[in-house]
Amino acid sequence: MAVVTPRVFVSHLSGVAVFDPNGDQVGRVRDLVAMLRTKGSGGREGRPPRLLGLVVEVAQRRRVFLPMTRVTGVESGQVVMTGVINMRRFEQRASETLVLGELLDRRVRLVETGEEVTVLDIGITQLPARRDWEIHKVFVRRGKGGALRRKGEALTVEWSAVTGFSLEEHGQGAENLLATFEQLRPADLAGVLHHLSAKRRAEVAAALDDDRLADVLEELPEDDQVEILGKLKEQRRAVVLEAMDPDDAADLLSELPEEEKERLLTLMRPEDAADVRRLMAYEERTAGGLMTTEPIVLRPDATVAYALARVRDPDLSPALAAQIYVCRPPDETPTGKFLGVVHFQRLLRDPPFTLVSSIADTDLPPLPPDATLPEVTRHLATYNLVSAPVVDDSGALLGAVTVDDVLDHLLPDDWRETELHGEEQPGEERPEDDGRAPEVDRGA
């Protein structure tokens, strides 16, 4: 009887859970690592690339390397491994290629006709009687592709039937790569971008819509934010900054040279620029510098039913949706006189027709805009809050400080880049035992 070897397309592996032999989930697949081989005769790509392993995201969003020799099963939407996973953070080597991050959306050519095609997906297969895997098929679409051209014929060809993977490509698209990560949360997609090359990061950012890019930028380290923003056209930079939360946009603009900062603020909508300028006027580690200017503000005659409708807004973070702020007109920050807050739980306990002014908590002391970070932290901890109002001397609501922004400033500046427990832990396998050949130090 012929041996049937497993075959799978890599887009089906993106985000798939990885389990150990006991059935416990270890993490999720974020990419695959391959080694391209030298070209064969006639310009062909030569032998199919060997698949070295998987990039697996484990706890604390750490990415580690899982050799394919440790993979015992790829089926039913899951990957099963054996042995102990090396918890050393994955670092891509110069000779390695990320299959999802670098091969999808590439423009290559059919060897037989010389026609240019776009890579939609990559098929991998396990070699008979071995645990080794290699790239087997390439799913391509004729034509240059892109958002406005999707009618070209799609076909699956052998790896040897295409050429051009080893050539550097400028202006590579990102449509199919993004399709594999469509369901990722902004924080997880930010992790994907952070681990891509600067070239690929810029291409993916260019392909994201403005709102999605804004959400992702808010989750990236400052260096990545500045790098990505700098590669966008100036008008789009302003649009993306408008889509960001005002406090995050203010933090990002503060990293830019003064001249560029002012130019972008001028390009932004006046109302958005005004919010950002107001935040930038406060010291960074104060309540005024930490707050957002877009909490839920309601007038005293608003009903519980209306308040709950505002809380249901899917664009609100859980911290901002946790309570509403009752103020006299105007109800845009800075508001009229601040009257009190109504917690979400209280809204659930009262009849829909109840006026929010009648159930507002008027005893909770607000924060002044110059309250320091330690003072803000103690305030949230003392009153068991996830957000708190910031009120000026005249009694007007300026904004709200949320716990996520406080944590962002309490953690080390590089917390988005630094993995927890970065050193080896007892019981983990040795870092060099990762299934890859050790790199040679040519300077020795």
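Helices (H or I, at least four residues) and strands (E, at least two) are DSSP runs, numbered from the N terminus. The exercises below concern a predicted model, in which local features need pLDDT of at least 70 and side-chain atom pairs count only at pLDDT 80 or more, while totals for chains, interfaces and linings use all residues. Residues are numbered from 1 along each chain as its sequence is written, and side-chain values use heavy atoms, with hydrogens and water left out.

**Exercise 1. The chain as a whole**

Determine how many helices and strands the protein chain has, and what percentage of its residues is buried.

Solution.
- Step 1: The secondary structure comprises 15 helices and 18 strands.
- Step 2: Buried means under 20% relative accessible area, exposed over 50%, and partly exposed in between (1.4 Å probe, protein chains only). Of the 444 residues in the protein chain, 49% are buried.
- Step 3: A contact means heavy atoms within 4.5 Å. Among contacts with a separation of 6 or more, 61% are between residues 24 or more positions apart.
- Step 4: Accessible areas come from the Shrake-Rupley method with a 1.4 Å probe; for residues, only the protein chains shown count as cover. The protein chain has an accessible surface of about 22400 Å², and carbon and sulfur atoms hold 50% of this surface.

**Exercise 2. A salt bridge between two helices**

Explain which parts of the chain the salt bridge between R236 and D210 ties together.

Solution.
- Step 1: A salt bridge is a side-chain nitrogen of Lys or Arg within 4 Å of a carboxyl oxygen of Asp or Glu. The side chains of R236 and D210 form such a pair, at 2.8 Å from N to O.
- Step 2: R236 belongs to helix α7 (residues 234-243) and D210 to helix α5 (residues 210-217), so the pair joins parts that are 26 residues apart in sequence.
- Step 3: R236 counts as buried because its relative accessibility is 18%. D210, at 28%, counts as partly exposed.

**Exercise 3. A salt bridge within one helix**

State in which helix E259 and R263 lie, and whether E259 is buried or exposed.

Solution.
- Step 1: The closest N and O atoms of the E259 and R263 salt bridge are 4.0 Å apart.
- Step 2: Both residues lie in helix α9 (residues 258-267), four residues apart, about one turn of the helix.
- Step 3: E259 has 64% relative accessibility and therefore counts as exposed. R263 is partly exposed, at 34%.

**Exercise 4. The salt bridges overall**

Give the number of salt bridges in the whole structure, and name the residues linked in a network.

Solution.
- Step 1: The whole structure contains 23 salt bridges.
- Step 2: A network of salt bridges links D105, K199, R200 and E203.
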